[in-house]
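Open your viewer and get ready to select a few pieces one after another. At each stop I will tell you what to pick and what to look for.

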Amino acid sequence: MSIFAKGYQARKIRRRYLERTLGSIASVLIIFWLTINFIKSPSQFFQASIIGLSNGVLYALIALGYTLVYGIIELINFAHGDLFMLGAVFSANFIAIWFGKSSSSPGAWLVFFGCLICVMSVSAGVNVGIERFAYRKLRRAPKLAPLITAVGVSFVLQFIGLRWNGSGPKTWNSVLPPGQFEISGVTIAYTTLYAIAITLPLLILMTWIVTRTRQGKAMRATAQDQDAARLMGINVDRTISFTFALGGALAGAAGLIFQQTRGLTSYNLGYQLGLIAFTSAVMGGIGSLQGAVLGALLIGLIQGLNDGLPIGLGQQWSQTVVFSILILLMAFRPTGLLGKPVTEKV
Amino acid sequence: MAIKLRVGKAKKEKAVKKSTSQKQWTIGFLIAAVIIWTFYTFIMYRLPFDIQQVFQHWLPPTTVNEALVWVICALGLNIVVGYAGLLDLGFVAFWAIGGYSAGWFMSSFFRQVNVHVLSTAKAESPGIHISFWGVIFIGGLICAAFGIIIGAPTLRLKSDYLALVTLGFGEIIPQVFTNGENIAGFNMSNGTKGISPVDNIGVPGKALGPFDFSWKFFIFALLTAMMIFVSLRLRKGRLGRAWLAIREDELAASMMGVPLMRTKLAAYAVGAFTGGIGGVAFATHVNGVFADRFNFSISIILLAMVVLGGMGNVWGVMVGALLVAWVNSTGLPSLGELVNTTFNLNINFPSYNFLLFGGVLILMMLFKREGMIPESRLKAILHEADDTSSNLGGHH
């Protein structure tokens, strides 16, 4: 027994050493790369950072949905990204077709905020419905079953997007006031600021709900131990539904913001962005709210820098960079930046 | 005591019977393949024109061949998902790597060199030309190596994390091939243009034309038969039993002395090897490799085949793969055409395949988790949680 323990200890130490060395080498290389780029063109550096951060804020909204659901029922909700896509398509139809707004005006602002409320409630409703009909029955089944179901739901949502939006990408006019301003060579579009201005309160509201309210307490209790929570009189089914509603609402809001700031919708949008958002959630430590936001900002920044810097791999390698980070993280630090190591429940 | 003995004997007899049955099954499959081959090669052209048309419309030879490639890959995925219980959502990566091994070693792509090994290509044509039979192994080995590289650091992870890593891998590899036109000045994959044509299957002196479907069918059927045999053999052997043990309870398996990492890696490597064979076969089927064909939906279609047919059951997976491949390539368009002309409608049926595959995955998981032709042991596990009346426990 002691021999095994010793071998295990030695391996663990060696592993930790290897991780630390690789980690430091990677950080030195990254810092080197950033410095060179910064010296070469500071304005481009800041420009890329700002684009990256504004993407990161959007990723944060989606990543929170992943992390909430994973935190409570340990399911990677593959359909979450597609819910975001449906949110974007819904917003486009709501603003441009049902209300016919295609440029900025006071009325358009009204429609915009009406749309925000509608898209959040519709997405929340859809997500709750998905949980009720597809995932609830499989809650105690082996992991493989709900995961495959989630992939199936993702395909069904993509089908809805395909029927609704058409097979190609569609472009839309934004109702947010256009324009941009410049600070020492770095141009910042107003839409970026609006995106941040809408996202931040949502994030704060979310954190408040989870950490300060009674319902949030029930969520945290259910995440820790469903059976114990049930014994304490918490309605576990309703709490899980509420979690899905929260995640769905955030995905819907992200859909609206994406559609308005990029002016683009397409049925396969959710798959790519969903994966990126999931990577962010993992990077921050899945299950941790602050971690998801931090991870999303970092991933957005990395992507922005990689796409926009003079010495970089460029946009065509964007996916590869993000997924390589995902794989490396999984291999060396599956708990993420802020996650706590957990022992698997047996 | 006597009863016990008798039970033991019966079990032994059953085991003996089972070990011969795998050969019987494989031979049975081969006989069926020969019948189909004879039909397409000799009988079909003698049939009246109308009946020929029906076959060309509903079951053209190219669909049959493509379905066999899907079967090969689905059997590979079945080893990973069905036997070892590791969810792999990036199987397309192995398909792509297999395809590009065919592109590299069976075409005039690398014009800088001139290597010929038992190839059907003309001796003066530049590039690396290795016989199809060799490239199958090369492609398989490259895939197996990638399977181990991606598996080694990540197989410690929980099952859902593993699914994500494989998914990421399945995204990276096709992008590498799409952007591979200029990697530090080296053209690795010819980018989106792809590599075409590849050499024909055959032996030196006798090559099959690119449209020689009936002989290709025969070769693909041979490969499939080999895969069926290997799958059944592995399932019965030490490694297969170790896989099943891991699938059913990882902790218990490791306590019983099953080396987890090595066994899981073996599942990955064997699955990847098969994916490589499928990739090479597919490249010869479409006479080239094209980067944009390798996307996530291939991984999902393969998964749907395995789930629909019955995870872990070779016959189930085969039937599932044939059915899904047929529906995808011929069934849905042809059926749609039939419905549209009879009822005078105008519905674009192939556009419904997202709904079809998604719906199949959801409904199968909700109502028939074990698939159409279930494997008895897996059925028991998948419904283990259903009949526990207590609310306690159940975390897996």
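Start where the two chains meet: select α12 of chain A and α6 of chain B, which in this predicted model pack at an angle of about 150 degrees, with their axes 9 Å apart. Their crossing is left-handed. The contact between α12(A) and α6(B) is made up of 10 nonpolar, 5 polar and 1 charged residues.

Now show the side chains. On the α12(A) side, the residues that meet α6(B) are A:Gln319, A:Thr320, A:Phe323, A:Ser324, A:Leu326, A:Ile327 and A:Met330. Across from them, α6(B) brings residues including B:Tyr161, B:Leu164, B:Phe169, B:Ile172 and B:Val176.

**Stay on α12 of chain A**

Select residues 318-332 of chain A, the 15 residues of helix α12. How far apart are the end C-alpha atoms of this helix? They are 21 Å apart, which agrees with the 21 Å that the helix should span at 1.5 Å a residue.

Next, colour the buried residues of α12(A); among them are A:Val321, A:Val322, A:Ile325 and A:Leu329. What covers the buried residues of α12(A)? The cover includes α10 (269-284) and α11 (289-308) from chain A, together with α5 (132-154) and α6 (159-178) from chain B.

**The side of chain B that touches chain A**

Widen the selection to the whole meeting of the chains: 39 residues of chain A are in contact with 43 residues of chain B. On the chain B side, α5, α6, α11 (296-309), α13 (353-367) and α14 (376-382) each supply at least two residues. The largest share of that side, 12 residues, belongs to α6(B). By type, the side of chain B that touches chain A divides into 26 nonpolar, 13 polar and 4 charged residues.

**Chain B as a whole**

Hide chain A for a moment. Chain B has 14 helices and 4 strands, and 44% of its 396 residues count as buried. Of the contacts in chain B with a separation of 6 or more, 75% are between residues 24 or more positions apart.

Pick helix α8 of chain B, residues 238-248. Its buried residues are B:Leu239, B:Ala242, B:Trp243, B:Leu244, B:Ile246 and B:Arg247. Add α3 (61-83), α7 (213-236), α9 (250-255), α10 and α14 of chain B to the view, since these are included in what covers the buried residues of α8(B).

From there, move along to B:His285 in helix α10. Is B:His285 buried or exposed? B:His285 is buried, because 20 other C-beta atoms lie within 10 Å and 20 or more is the cut-off for a buried residue. Leaving out residues up to four places away in sequence, B:His285 touches B:Asn65, B:Glu66, B:Val69 and B:Lys216. Try a distance from B:His285 to B:Phe213: they are 72 residues apart along the chain, yet their C-alpha atoms are separated by 8.7 Å.

**Two loop residues with a positive phi**

Most residues other than glycine have a negative phi. Here are two stops with a positive value.

- Select B:Asn287, in the loop between α10 (260-286) and α11 of chain B. Its phi is about 60 degrees, and B:Asn287 is partly exposed, with 16 other C-beta atoms within 10 Å.
- Bring chain A back and select A:Glu74, in the loop between α2 (42-73) and α3 (80-98). Phi of A:Glu74 is near 50 degrees, and A:Glu74 is partly exposed, with 18 other C-beta atoms within 10 Å.

**An exposed residue on chain A**

Go to A:Lys12 in helix α1, residues 2-40 of chain A. A:Lys12 is exposed, with 10 other C-beta atoms within 10 Å. Draw a line to A:Ala221, 209 residues along the chain: the C-alpha atoms of A:Lys12 and A:Ala221 are separated by 32 Å.

**Last stop: regions from the UniProt record**

For chain A, an unreviewed UniProt entry lists "transmembrane region" at residues including 147-166 and 240-259. In the model, residues 147-166 of chain A are 95% helix, with end C-alpha atoms 27 Å apart. Residues 240-259 of chain A are 100% helix, and their end C-alpha atoms are 29 Å apart.

For chain B, the regions listed under "transmembrane region" in an unreviewed entry include 265-286 and 298-327. Select residues 265-286 of chain B: the span is 100% helix, with its end C-alpha atoms 31 Å apart. Then select residues 298-327 of chain B, where the span is 87% helix and the end C-alpha atoms lie 14 Å apart.

Terms used:
Residues are numbered from 1 along each chain as its sequence is written. Chains are lettered from A and ligands numbered from 1 in the order in which they are written. This is a predicted model: local features need pLDDT of at least 70, side-chain atom pairs count only at pLDDT 80 or more; totals for chains, interfaces and linings use all residues. The expected span of a helix is 1.5 Å times one less than its number of residues. A residue is buried if 20 or more other C-beta atoms lie within 10 Å of its own, exposed if 12 or fewer, and partly exposed in between; C-beta atoms are placed from the backbone. Two residues are in contact if their C-beta atoms, placed from the backbone, lie within 7 Å. Axes are lines fitted to C-alpha atoms, for helices over the stretch in contact, and angles run from 0 to 180 degrees between N-to-C directions. A crossing is left-handed if the near helix is turned anticlockwise from the far one by less than a right angle, and right-handed if clockwise. Ala, Val, Leu, Ile, Met, Phe, Trp, Tyr, Cys and Pro count as nonpolar, Asp, Glu, Lys and Arg as charged, and the others, Gly among them, as polar. UniProt positions are given in the numbering used here, feature names are shortened, and annotations may be inferred rather than shown by experiment.
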